[in-house]
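Let's take a walk through this chain, one helix at a time. Keep the viewer open and follow along.

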Amino acid sequence: NNAKDWFNFSLNSKLSKIMFIFNNNNTNYYENKINKLKNIIFQEKLGSMYNKIKRLKKITSYIVKKTKIKIKYINLNKTILYSKLDLTTMLVSEIPELEGIIGSYYIKKNKKISIGIREQYKPKTVYDNIPKTKIGKILSLADKIDTIIGLLIINKFPTGSKDPYSIKRKIMGIIRIITEANINFNIKKILIISLKFFSKKDFQLFNKIYLYIKKKLENFLKYKKYNTKILFSLKNTQNIN
């Protein structure tokens, strides 16, 4: 009984703390939050979350243009702009697992933007569903692509069973979205765009990253017996300009 009472007390205290922080942050949620992202580091060598948002706008713009997905740019751009704001809150600092979820609640007045923010990290596991909305799919793809390429640029390649940044899981997430949602775009072109963001024109590095991602994609597609035409977007040669 003592253990049960302690657990209930601990749980209630945690919930009370969550509600207090949530309600406290709910006031003037947007005020000064964007600029605060400049002080939140995405990765030491890759800049801030503010920098990441700017890259996401470019990547999503390319995906929408090439896939010809019909979408309202105003909703997509607002979703990107607000997607990382909950990182500035005490609540996400206390409980990182709520990242994206809390942001969606703060912006619940616009349902499309709210859902897009919630879906930006899906699928998180092999058992998780891919995003259901167009905005969610596009933002999730862009976020994973940017994170993967950024980490590989600074040589954070997984080694053996060690994958501290979950790069393999993120690649699998990209694969699942493009195959399950039938989205097709040029991975190599995306890589070129991303390398420019980081001011990288190293062909050897470009080739190493591209071959690593391409191999993971091809292995999965062949294993799942997908139509090999999906691989077409991976085979077009491009130069770094």
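Which residues of α3 are buried? Going along the helix, they are Met49, Lys52, Ile53, Arg55, Leu56, Ile59, Thr60, Tyr62, Ile63 and Val64. One thing to keep in mind from here on: this is a predicted model. Helix α3 itself has 19 residues, and from its first C-alpha to its last it reaches 26 Å, close to the 27 Å expected at 1.5 Å a residue. Its buried residues pack against β1 (41-43), β2 (47-48), α4 (73-82), α8 and α10 (187-197).

Pick out threonine 60 for a moment, which sits in α3 (residues 49-67). With a relative accessible area of 1%, threonine 60 is buried, because the cut-off for that label is under 20%. Set aside its neighbours within four places in sequence, and threonine 60 is in contact with Leu76, Ile80, Ile138, Leu139 and Ala142.

Now zoom out. The chain has 12 helices and two strands, and along the sequence they come in the pattern α-α-β-β-α-α-α-α-α-α-α-α-α-α. Of its 241 residues, 48% count as buried. If you look at contacts between residues at least 6 apart in sequence, 65% of them join residues at least 24 apart. The accessible surface of the chain comes to about 14,000 Å², with 53% of that belonging to carbon and sulfur atoms.

On to the inside. In soluble globular proteins, nonpolar side chains tend to be buried together. Here the largest nonpolar core has 64 residues, and Phe185 and Ile213 are the ones with the most contacts inside it. The largest share of this core, 11 residues, comes from α8. Follow isoleucine 213 outwards and, not counting residues up to four places away in sequence, you find that isoleucine 213 touches Ile148, Ile149, Leu152 and Ile187.

Helix α8 deserves a look of its own. Why can α8 be called largely enclosed by the rest of the structure? Because 19 of its 20 residues are buried. Its geometry is easy to check too: at 1.5 Å a residue α8 should span 28 Å, and its end C-alpha atoms are 28 Å apart, which agrees. After α8 comes asparagine 155, whose phi is positive, near 65°.

Just past that point, lysine 156 lies in the loop between α8 and α9. Lysine 156 counts as partly exposed, at 31% relative accessibility. Leaving out residues up to four places away in sequence, lysine 156 touches Gln43, Leu151, Tyr165 and Ile167. For isoleucine 167, which is 11 residues from lysine 156 along the chain, the C-alpha separation is 8.7 Å.

Next, the rings. How many aromatic pairs are there? The count comes to two. In one of them, the ring centres of phenylalanine 157 and tyrosine 212 are 5.4 Å apart and the planes are at 90°, so this pair is edge-to-face. It links distant parts of the chain: phenylalanine 157 is in the loop between α8 (134-153) and α9 (167-180), while tyrosine 212 is in helix α11 (residues 203-223), 55 residues apart. Both partners are buried, phenylalanine 157 with a relative accessible area of 16% and tyrosine 212 at 17%.

The rings of phenylalanine 206 and tyrosine 210 have centres 6.3 Å apart and planes at 5°, so that pair is stacked. Phenylalanine 206 and tyrosine 210 both belong to helix α11, four residues apart, which is about one turn of the helix. Phenylalanine 206 and tyrosine 210 are both buried.

Charges sit over rings here as well. Which ring lies under the charged end of lysine 208? It's phenylalanine 157, with the charged end of lysine 208 at 4.6 Å from the ring centre. Elsewhere, lysine 38 lies over the face of tyrosine 50, 4.8 Å from the ring centre.

Let's finish with asparagine 207, which lies in helix α11. Is asparagine 207 buried or partly exposed? Asparagine 207 counts as partly exposed, because its relative accessibility is 29%. Its C-alpha atom is separated by 9.5 Å from that of lysine 188, and along the chain asparagine 207 and lysine 188 are 19 residues apart.

Definitions and conventions:
Residues numbered from 1 in each chain as written. Predicted model: local features only at pLDDT ≥ 70, side-chain atom pairs only at ≥ 80, totals over all residues. Heavy atoms only, no water. Buried < 20%, exposed > 50% of the residue type's maximum accessible area, 1.4 Å probe, protein only. Contact = heavy atoms within 4.5 Å. Phe/Tyr/Trp six-rings, centres within 6.5 Å; stacked < 30°, edge-to-face > 60°. Lys NZ or Arg CZ within 6 Å of the ring centre and 35° of its normal. Areas by Shrake-Rupley, 256 points an atom, 1.4 Å probe, with all protein chains shown as cover. Core = buried A, V, L, I, M, F, W, Y, C linked by side-chain atoms within 4.5 Å. Expected span 1.5 Å × (residues − 1).
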